[in-house]
Amino acid sequence: MRESRFLNALLLILLLAWPALAAPPMQGGNWLQNGNFEGGFSQREAGEVVVANGWERWWQEGTEEQQDDGYLRRPEYKPDSSRAGGTQQKFFTNYATHNGGIYQRVSVPRGSKLTLTARAYVWSSEERDDYNRSDTPGNYAVMVGIDPTGGTNALAGTVVWSPGRMEYDHWMDLRVEATAQADAVTVFLRGTVEYRSKHNNSYWDDAVLTAVEPTPTRRPPTATPKPTATPTNTPTPTITPTPTDTPTPTVTPTPTSTPTPTPTPTPPVGSLCVLAYEDLDGDGQWDAEERLLAGRRIRLLDKEGNLLAEHVTDGQSEPYCFQGLAPGVYQLVKQTLVGGGTVSMQAAVVGGKRLTLNFGEQAPPTPTSEPTITPTPTPVSPLAAMGSSIYRMSGILVLILAASIAVGYTLIQQQL
């Protein structure tokens, strides 16, 4: 009897404790390692790549030609403590663009509801070196992402990204949600910038990944009562019910599979690169020995004449490239800042191609003064000189002859 009461009490305790035992073991907390970036940093493949422990770095690497022009370069990674208390992860480029950040792969229960949050701060400045104030920012956007399949390629289509935020000089709270499709997932912190500003920096802190496991489908065991002794009386026979007709099962139609939609490919973009130079030989082609010109504003317009972007040449960093242009016809207008004067060209952009347009200028000719004409004496031949002398002497002889006649006439009149 005591044994029966003990077993019943134990069974009652198990039944009351079952819901707690069946609850998910993790309903909150941070699944990330070193999510607050206070767990130290370590140098990776180069001295300018120092990444928080538990994290890996990633970036989109441009072509050799793009990197030579200052686009899609590897950012530098450093610890930083200038933005708030404690330490943050910083990555940046100077006079160049980047698309990169850090990531971490985490083991989680398959089917868990995931939430990733992080704080980010952006400083992007063209001229000012005051890291508390952005000046002429380079269109720097930040976002966080989760790959629910556990892949480590940030550019894969399986990554779920938060909306990109393009704000400066204050901390932003970023958030994204996803459902784990494997036994591990990957979280990404990402910064991407469009223009080659002098300073393109982002700072990261307080990254948190929470996971809520799916509700289990198990049921608590049903208690089996202890059998009791029954009297040996002859049991009353039970009446066997009359069997009813079994209904004919209806045929369930086989569901047709829904075709998987194919992703629409993103059309490739192109770029237009420009420069202004002094066309010394007048052939319309820029040569390395011909000087690049500064102080020329080059504006990029669409085919309707709307201004898309502009660049003022400095005579050193050209050619300058307008990146990320959809295929189509564009107009480029060059204006000389000093002295005025505009020149325009039309160009057709082809996806995945780069087109360079050169604006050549020829220096105006140096004005020359008109020469003073000095009369040159006409040379006289000896015969002409003799004739001239004879002519002068004949005049003298005529005068002498006339005087002689006058004197002779006077003497004759006196004799008469």
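The paragraphs below go through the nonpolar cores of this predicted model and then its aromatic and charge-over-ring contacts.

In soluble globular proteins, nonpolar side chains tend to be buried together. Here the largest nonpolar core holds 35 residues, and the members that touch the most other members are W55, I146, L189, W204 and L209. Two or more residues are given to this core by each of strand 2 (50-52), strand 6 (99-107), strand 7 (113-125), strand 8 (140-147), strand 10 (171-179), strand 11 (184-193) and strand 12 (199-212), with strand 7 supplying the largest share, 5 residues.

W55 can serve as a point of entry to the surroundings of this core. Leaving aside residues up to four places away in sequence, W55 touches L32, Q33, N34, G35, F37 and R44, and, further along the chain, I102, Y103, Q104, V187, L189 and A207. Apart from this core there is a second, separate one of 19 residues, whose members include Y71, A276, C321 and F359.

The aromatic side chains offer another route through the model, since a search of the whole structure finds 10 aromatic pairs. One of them joins Y77 and F91 in a tilted arrangement, with 5.7 Å from centre to centre and 45° between the planes. Because Y77 belongs to strand 4 (residues 76-80) and F91 to strand 5 (residues 88-93), this pair ties together parts of the chain that are 14 residues apart in sequence. Y77 is buried, at a relative accessible area of 0%, and F91 is likewise buried, with a relative accessible area of 0%.

Another pair, formed by Y121 and Y203, is edge-to-face, with the ring centres 6.0 Å apart and the planes at 80°. This contact links distant parts of the chain, as Y121 lies in strand 7 and Y203 in strand 12, 82 residues apart. Both strands also give residues to the largest core. Y121 is buried with a relative accessible area of 7%, while Y203 is buried with a value of 2%.

Beyond these pairs, W58, Y103, W161 and F188 form one aromatic cluster. Y103 has already appeared among the contacts of W55, and W161 also takes part in a contact with a charged residue, for R190 lies over its face at 4.9 Å from the ring centre. A further case of a charge over a ring is found at F92, where the charged end of K90 sits over the ring, 4.6 Å from its centre.

Definitions and conventions:
Residues numbered from 1 in each chain as written. Predicted model: local features only at pLDDT ≥ 70, side-chain atom pairs only at ≥ 80, totals over all residues. Heavy atoms only, no water. Core = buried A, V, L, I, M, F, W, Y, C linked by side-chain atoms within 4.5 Å. Buried < 20%, exposed > 50% of the residue type's maximum accessible area, 1.4 Å probe, protein only. Helix = DSSP H or I, 4+ residues; strand = E, 2+ residues; numbered from the N terminus. Contact = heavy atoms within 4.5 Å. Phe/Tyr/Trp six-rings, centres within 6.5 Å; stacked < 30°, edge-to-face > 60°. Lys NZ or Arg CZ within 6 Å of the ring centre and 35° of its normal.
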